[in-house]
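User: Hey, could you walk me through this model? I'd like to start with how the chains meet and then poke at a few odd spots.

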Amino acid sequence: MGEEIIAVTREIIANRLNYLTQEMGLSLAKTAYSVLFAENRDFSCAIFDREGYLLALGSFVPTHQGGMQGSMEYVLDKWGSKGLQDGDIFMHNDALHKGSHCQDITLFKPIFFDETHVATGCCVAHHNDTGGMRPRSYCPDAEEIYQEGIRFPAVKLFKRGELQQDILDIYMTNVRMPDSERGDLYAQLSTLSVAEKAIKELCERYGSAEKIINYFRSIQDHAEGRMREGIKSLKEGDYEAESYVDHDGWEEKSWKIKVTVSVKHKPQPHLIIDYSGSDPQARGFVNSYFYNTRANAWAAVYTVVDPYVHKCYGSMRPVEFNVPMGTIVNAKPPAPIGACTTESGFVAADVVALALGKARPQIATGVWGGSFGGLGIYGENPRHHKNSRIKERWASGFTDAGGVGGGARATKDGIGTVTDICGGPITIPNVEIMEANFPVTYRYRKLVSDGGGPGKFRGSPGYEVAIQPEGPMHFTCLCNKGYHGAEGIFGGKEGSRWKLEIRDAETDSILKELPPKVVLHPISPMEIIHINVPGGGGYGHPFERDPERVKEDVIEGYVSIDMAKKDYGVVINPETLEIDVDTTEKLRHGKGDQ
Amino acid sequence: MYILGVDIGGTFTDFVFIDENGEVKNFKAPTTPKDPSQGVMDGIRTAAKSFDRDLNSLLSDVLSVNHGCTVATNALITGKVAKIGLITTKGFRDTIIIQRCRKGSGVSGEFVPGESLYDLQMDRPRPLVPRSLIEEVTERINYEGRVLIPLNEGECKEKIRKLVEENQVEGIAVSLIWSPINPEHERRVLELIKTYPDVYKNSSCSSDLIPQIREYERTSTVVMNTCLKPLVKPYLMHLKNRLKAEGLSEEVQLLIMQLHGGVTDASMAAENPVVTIGSGPTGGVIGAQFIGSQMGIESLITLDMGGTSFDVGVIVDGEPLTAPISVVEGYHIMLPMVDVKSIGAGGGSVARVYKGTLEVGPQSAGAEPGPACYGKGGVESTITDADVVLGYIRGTLATNQIVLDIEAAHKAIKEHVADKLNMTVEEAAVGIVDLANSNISDAIRLSTIERGYDPTEFTAFVYGGAGPVHGAVLCRNMGIKKMIVPRFASTFSAFGVAASILKHTYIAIIGPELLTELNLDMVNQKLTEMTNEGIDTLRKEHVKSEDMQFRFYFEMRFEGQLNEITVELPVTKITTNDFNLILERFRKEYSLAYAYVPDFPPEVVTARVEASGRLFNIPLKSYHLSGSDASHAIKEKRKAYFDERKDFLYTNVYNGLKLMPGNIIEDHAIIEYPDTVIVVRPGQKAICDQFKNIVIDIMGEETWERK
């Protein structure tokens, strides 16, 4: 007994690898130079097999996973399998060579046991600044990738265990905050040591490199089989969906992303994801390119087909892609791509989830509020007390604009205000923590009334937030769903849209409405930056919503009495808050089910 | 005379009587969910019978009743909490609804193993106060404590009136932005609630409970406290009255377990019921700390495997690790709490084949109907069923309250696992146990590494119904060298509750301020104030001055950071001479939590005083060591599976009650007690020590003295 129960051993090793990626993540969080960087958790750790295929990916940021896969492929393209030596660490952040945007510095360490290359440890982390035209390397006014920061094309940061100081020097010379960048880079390195130690232990425990390599193959194959089984349970057919990227930093217009997902059962179950029909690439930085688009599409496939399958390349093998060159989802170099992850990337995921959802209504959701609303505030620090935590000139990203609404589900409303599905485990900091550390005052942070997309089940609302600076400053902002809300599904309506306004600090009245992308816009202490974060899309026709639920939403303040009538066809007496049954029936009967 | 420990679990209520010689007796009685005090009285009556005394005379011999009160935890699980209102700063009504946008069940949104961030059906628990009962008042204080907008009292009175008169709330929680820095407005709102005395008595404000910034976690805690008060207070008073009516002396206290691991008088727990959360798991860790200190072991990992969950605690330098913020049943608590990580794996965890893959947990068959082998109508195959098939457990469990059905265990595993994977029932059972043990040890590793510790440097303390069956394999997987099964493993939480000391913590904000620039007069004055408060409280709890103990801490961080680390102060009154030592300790603690120690100036955020005291000294009874030969305790031989040999082996089964201190068991063995089964693996050694604990030497390298 024992030897032949290979299925259990495979499961044990697969789970061990998943835990290992979490241990790597812990090591990063605990060694990061800035705790803020660690708290935001904008990083991912993974293990690749020796052939260069993603073997395990823990609970990190889904958007990273394809950038990693592409980057790994480029490391092998460039160096060949013989070019990977024990003690080497490769550094890559070049979108023109299968990588992601500049800020996502990706490190790879091949791991050897008995002189055999067994696996490769990987860590990608979003760095605060990697050079380029604008602070934090988000450059809405860039026209070429060359303006977006310094790029490293799979260079050896370590050669056989030896740090290549020249490379590090070039990096540190080209970024705005070299001290913290260096610290965070070292934190990334620590994850690779954790991976190396654990993989070696695994080889020792199971006897040989060869045996482990065989199990790794079996993990990929098994995950592939399970994924194909999942695809087989979807009805064959072509499913379409489209959505938009709003504003590219230059033009106030939308770029359409269109997808056709074909579910095929023969010769064996597979998916074809085809982005034909998507708009041509943009002038500004919202473009994506193949590897980033594929990464986000993969995440969407997992959500619909099998959220609990082992996440690896094997489980993605049954998915084929057609992403036409020259479009917003696969731009021709040297197009700028700085916002590819949260702009075109998130939308590329949304459309796949929306299309595939039609093949599996019980798991489908309205589109989530999407985008991460990169808000950055820069300026002189007006706080002059002696131990102010921030230096005279400060720049900081606010994850505040990430509080979107979840899309509605088949049997329940969307999950309460959250970060987008592609944002993974990222959370929003407390107001008191932000005010203690940055020279701003929050005026409010509250749910958007009528923010959730109406439906039989309602999308969850995003929140609206108002930030008042203590002195004159500038801010940069990028967000999506300003011209089109998060779409509903099966008759559900869209969630409320992104809004960015300058308001009067005294009266909260609107002084200026701004587009979804803004570069270094001035703001005075008499003004507030007001943001409405998008709500999630609805599920099913709102006239099918149980009137009692509509009433409860009115009582709880999620839906106004006006909207209850207009969107849901439910008439509620403003005095008693009771449902006017007769009028409701008339209203719903007249308009519903068309 | 006895100290009585009572811990109410989901299925059983556990009782431990400790006498002045340290002799321990334990009992179990079914839990009575409708009125848990009934189960408590039933159990004491059972105990009286076994002592051959009547209830009244036994109770009159009790020095203190130490109680792990689960009323609060159960209310969170079932969602049956009192209807309350919440008053917040204008603009921040939704803080508790937004929950910092987290998705996973981790403290700051991280996903714990077993959850998938790709699962679009994920949910968060409903807030304990509905949005319609959250009212905003016009006021604002800034980060320095300066009033930006004064409190609008007229508006506030109207909001209170609306909550009470129109919505009939039973209590009101008050949580305003920046109240820890300037509590003036919060206190005033509380004053205004006094118009309604019945509501006022159930109301609380956030800065009184937690004078620390982070408004979401603070609000969550004060809301929890307020909605539990109307439930916990009457229960505690009712239980106290019943105990007194049945013979407990008037001056004897009912002491309640708190989340930081100390007990407090019932009347104080009734005022702040949030402190009673998590008493069961905490009790176990405190019990381990107590026995560990008697045995001279300072670094312990506690492994408590029950029916549905596996709880892991860590004791370092003799002190249980505490977490500043914890999540219980999905709700955040921002009070120092003994850090027990719960892993969704227990004896009842269901094994099934899903899409060709064997999975164990996280679903559990629970206690009702329980695993198939319980014969209570459960049909799913569980870890416990696999334990039966592999020969580890047989006969009865839980002191004869469960009779194992071997057939049912085989049938369940055959149907749900073996047939689907083309395996024999035995192979399937091996697979289930292997996978479960491997997942659990991976999770324990992660949870200890997360807290900055390497499990191989610890001794494992293993208890709970299913723990001692699996403990030796888990320890082997993790590289732990020594494992201890305490003598009363199945009622160990109750033992811990009984062994707890009275404890209170006090917090004062003194920063953020650079360590070197602290206003020492102010700091020392705050420390003295908090100490005096501790003395007063302990005095009320009948602790003598000479039995009181005080410890002093700073919460510190490097300038520019957001999270603090706790540092114990070397002295009770600080002078500039102490800075170096404080800094040294801070850097040491920091390097444990985060490997990379930055070169920034350190700053202090809060000062904390921990006041504790013991009413009685509890000795742990030590027995004379007899010979090493254990053969007299062998009751039978049966086949049991050991993966070390990849086969079923004839295995000696010992009657644990017959083992004498000093007895040594070598190689694979099963030790059975009426309520616990211990499995010793091939190549390992076990000894019954002078306290009648079973100590297992995982590597088999120990050379114990033989007689």
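Analyst: Below we go through the chain contact, the domains and some backbone details of this predicted model.

User: How many residues does each chain put into the contact?

Analyst: Chain A brings 88 residues and chain B brings 86 residues. Together the two chains bury about 7,800 Å², with 55% of that on carbon and sulfur atoms.

User: And how many salt bridges across the interface of chain A and chain B?

Analyst: Eight salt bridges turn up between chain A and chain B. One of them pairs E23(A) with R445(B), where the closest N and O atoms are 3.0 Å apart. There are also 32 residue pairs in polar contact between the two chains, counting pairs with both residues at pLDDT 80 or more.

User: Which elements of chain A give two or more residues to the side that touches chain B?

Analyst: On the helix side you have α1 (6-31), α2 (35-40), α6 (209-232), α7 (290-305), α9 (431-437) and α10 (547-556), and there is also the strand β14 (440-447). The top contributor is α1(A), which gives 13 residues.

User: What's the split by residue class on that side of chain A?

Analyst: The side of chain A that touches chain B has 36 nonpolar, 24 polar and 28 charged residues.

User: OK, switching to the inside of chain A. What domains is it divided into?

Analyst: Domain 1 covers 6-224, domain 2 covers 365-540 and domain 3 covers 543-591.

User: How far apart are the C-alpha centres of domain 2 and domain 3 in chain A, and how many residues are in contact?

Analyst: Their C-alpha centres lie 29 Å apart. Eleven residues of domain 2 of chain A are in contact with eleven residues of domain 3 of chain A. That pairing buries about 950 Å², and carbon and sulfur atoms account for 47% of the area.

User: Which residues of domain 2 lose the most area there?

Analyst: D450(A), K456(A) and R458(A) do, and together they make up 53% of what the domain 2 side buries against domain 3 of chain A.

User: What about salt bridges and polar contacts between those two domains?

Analyst: The interface of domain 2 and domain 3 of chain A has two salt bridges, plus five residue pairs in polar contact with both residues at pLDDT 80 or more. By class, the domain 2 side that touches domain 3 has four nonpolar, three polar and four charged residues. Another one to look at in chain A is the salt bridge between the side chains of R545(A) and D413(A), at 2.9 Å from N to O.

User: Let's go to chain B on its own. How many helices and strands?

Analyst: Chain B has 18 helices and 37 strands. Its radius of gyration is 26 Å, close to the 27 Å that the globule rule gives for 707 residues, so chain B is as compact as a globular protein of that length. Along the principal axes, the C-alpha trace of chain B spans about 80 × 60 × 55 Å.

User: Now the odd spots. Which peptide bonds in chain A are cis?

Analyst: Two to look at are K266(A) to P267(A), with omega near 0°, and P333(A) to P334(A), with omega near 5°. P267(A) is in the loop between β9 (254-264) and β10 (270-274), while P334(A) is in the loop between β11 (319-322) and α8 (341-357).

User: What's up with phi at D114(A)?

Analyst: D114(A) is not a glycine, but its phi is positive, about 50°. D114(A) is in the loop between β4 (104-113) and β5 (116-126) of chain A.

User: Why do these spots get flagged?

Analyst: Because most residues other than glycine have a negative phi, and most peptide bonds are trans.

How values were computed: Residues are numbered from 1 along each chain as its sequence is written. Chains are lettered from A and ligands numbered from 1 in the order in which they are written. This is a predicted model: local features need pLDDT of at least 70, side-chain atom pairs count only at pLDDT 80 or more; totals for chains, interfaces and linings use all residues. Side-chain values use heavy atoms; hydrogens and water are left out. Contact means heavy atoms within 4.5 Å. Buried area is the accessible area (1.4 Å probe) that two parts lose on being put together, summed over both. A salt bridge is a side-chain nitrogen of Lys or Arg within 4 Å of a carboxyl oxygen of Asp or Glu. A polar contact is a pair of N or O atoms within 3.5 Å; within protein, one must be able to donate a hydrogen and the other to accept it, and residues adjacent in sequence count only if both atoms are side-chain atoms. Helices (H or I, at least four residues) and strands (E, at least two) are DSSP runs, numbered from the N terminus. Ala, Val, Leu, Ile, Met, Phe, Trp, Tyr, Cys and Pro count as nonpolar, Asp, Glu, Lys and Arg as charged, and the others, Gly among them, as polar. Domain bounds come from an automatic or database domain assignment. The radius of gyration is taken over C-alpha atoms; the globule rule is 2.2 Å times the number of residues to the power 0.38.
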